[in-house]
Number of protein chains: 2
Amino acid sequence: MIHLMIETVTSLTIGKLAQQAGVGIDTVRFYERRRLLPEPARTASGYRLYAPESVARIRFIRRAKDLGFSLDEIDTLLGLHDVGGTKAEVKALTERKLEQIDAKIDHLQRIRTVLKGLSDQCSGEGDISACPIIESLTHD
Amino acid sequence: MIHLMIETVTSLTIGKLAQQAGVGIDTVRFYERRRLLPEPARTASGYRLYAPESVARIRFIRRAKDLGFSLDEIDTLLGLHDVGGTKAEVKALTERKLEQIDAKIDHLQRIRTVLKGLSDQCSGEGDISACPIIESLTHD
DNA sequence: CTTGACCCTGGACCCGACTCCATGGTTTAT
DNA sequence: ATAAACCATGGAGTCGGGTCCAGGGTCAAG
């Protein structure tokens, strides 16, 4: 049996897609399993063949991830994009994410304040006895 | 064979230790495996027996964790505490942690700015076409 | 015709910090 | 005497987001 790989002018193998989108091959397959990417066309021999739009879809996922969205949330976002949700839905997701980010910042800032206070109190000189940092961890 | 559980006035079984320290029993055993807690004494039948100081040690771990230290870092901190490190070492660890926290806050704040910008641009009305949030994820 | 670069699959493994489980022994309260 | 509550062990499972591997098929270049 002899097969010819029929690649239309613009379609991509998984390797080229991954390269163009800036992710690893395994990541593409992983996104497919997670249903963030639709099942691609296949050549006669089973190779995945992607339309160039897939590059944009992966970049979408990556940018959303960089903004702090989880893959589940990105799934929802892509669903709204694909099926035609409303701006209100997208905005609601964004605002919820914003609140989560704010909560994280808040939490880190509270930690930061404590840590800074401890660091400032500690002379950094001498052995560990009466180190205010250790003390504060040791007692209430 | 009949054994009596010899609990000196102040020593604790793992359950009571866990309860007083505010963690689960499994967490105590986990900390022991991680060598954050020394191997405890045992009764004749193999039950772990803890001195009351162990409560403080677990609280130490918890407080350090709440301040953002990893268990590995806490191991180091406890080592300094136990073996007698210097204030300089403890302070250095604290300052490194402070830098990490600052980096995280920075990162989150950059994300926050982008997200806020997008949210503000989106009217939240109508179908998803030309949604500035989706658009920004779709293009560069 | 062979070599190397590509692709396929299913499944295991990674990180951190637990948490849960099965199976069985011990202690305590009724 | 017996049940409930505790404890022991070793090992597996959880979460998220990948990453890697073995054991194959396939394709393009020389």
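**View 1. Composition and contacts of the surface near DNA strand D in the predicted model.** In this predicted model, the residues that make up the surface near DNA strand D divide into eight nonpolar, seven polar and seven charged. There are 22 residues around DNA strand D, and those that come nearest are D26(A), Y47(A), T13(B), R29(B) and R48(B). Of the atoms of DNA strand D that come within 4 Å of the protein, 74% belong to sugar and phosphate. At least two residues of this surface are supplied by each of α2 and α3 (53-66) of chain A and by each of α1 (14-21) and α2 of chain B, and it is α2(A) that gives the most, with five residues.

**View 2. Phosphate oxygens of DNA strand D and their partners in both chains.** On the side of chain A, an N or O atom in the side chain of T27(A) lies 3.2 Å from a phosphate oxygen of DNA strand D, and a polar backbone atom of L71(A) lies 3.3 Å from a phosphate oxygen of that strand. On the side of chain B, the partner is R29(B), which has an N or O atom of its side chain 2.7 Å from a phosphate oxygen of DNA strand D; R29(B) is also among the residues that come nearest to the strand.

**View 3. The surface near DNA strand C.** DNA strand C is surrounded by 22 residues, of which R29(A), R48(A), D26(B), Y31(B) and Y47(B) are the closest. The residues of this surface comprise eight nonpolar, seven polar and seven charged, and its largest share, five residues, comes from α2(B). Where DNA strand C has atoms within 4 Å of the protein, 74% of these atoms belong to sugar or phosphate, while the rest belong to bases.

**View 4. Polar atoms facing the phosphates and a base of DNA strand C.** A phosphate oxygen of DNA strand C is found 3.1 Å from an N or O atom in the side chain of R42(A), and a polar backbone atom of R48(A) is 2.8 Å from a phosphate oxygen of the strand. In chain B, by contrast, the partner of Y47(B) is a base nitrogen of DNA strand C, which lies 2.6 Å from an N or O atom in the side chain of this tyrosine. The elements that give two or more residues to the surface near DNA strand C are α1 (14-21) and α2 (25-33) of chain A, together with α2 (25-33) and α3 (53-66) of chain B.

**View 5. The relation between chains A and B.** A turn of 180 degrees with a shift of 0.0 Å along the axis lays chain A on chain B with an RMSD of 0.0 Å. The two copies are therefore related as by a two-fold rotation axis. Among the residues of chain A, I105(A) comes closest to this rotation axis, its C-alpha lying at 2.9 Å. The same surface serves both copies, in that 100% of the contact residues of chain A recur in chain B.

**View 6. The largest nonpolar core and the surroundings of V28(B).** The largest nonpolar core has 76 residues, and those with the most contacts inside it are V28, I61 and V90 of chain A and V28, I61 and V90 of chain B. With neighbours within four places in sequence left aside, V28(B) is in contact with I14(B), L17(B), A18(B), V23(B), L37(B), Y50(B) and I58(B).

**View 7. K65(B) and S11(B) in chain B.** K65(B) is found in helix α3 of chain B and is partly exposed, with a relative accessible area of 36%; beyond its neighbours within four places in sequence, K65(B) is in contact with Y31(B), L71(B) and I74(B). S11(B) is placed in the segment before α1 of chain B and counts as buried because its relative accessibility is 11%, under the cut-off of 20%. Leaving aside neighbours within four places in sequence, the contacts of S11(B) are with L49(B) and Y50(B).

**View 8. Two residues other than glycine with positive phi.** A130(A), in the loop between α5 (87-121) and α6 (132-138) of chain A, has a positive phi near 60 degrees although it is a residue other than glycine. A130(A) is exposed, with a relative accessible area of 58%. R35(B), which is not a glycine either, has a positive phi of about 65 degrees and is placed in the loop between α2 and β1 (41-42) of chain B. At 62% relative accessibility, R35(B) counts as exposed.

Methods:
Residues numbered from 1 in each chain as written. Chains lettered and ligands numbered in written order. Predicted model: local features only at pLDDT ≥ 70, side-chain atom pairs only at ≥ 80, totals over all residues. Heavy atoms only, no water. Core = buried A, V, L, I, M, F, W, Y, C linked by side-chain atoms within 4.5 Å. Buried < 20%, exposed > 50% of the residue type's maximum accessible area, 1.4 Å probe, protein only. Contact = heavy atoms within 4.5 Å. Near = heavy atom within 4 Å. Polar contact = N/O pair within 3.5 Å; in protein donor to acceptor, adjacent residues only side chain to side chain. Helix = DSSP H or I, 4+ residues; strand = E, 2+ residues; numbered from the N terminus. Nonpolar A, V, L, I, M, F, W, Y, C, P; charged D, E, K, R; others polar. Least-squares fit on C-alpha atoms with pLDDT ≥ 70 in both.
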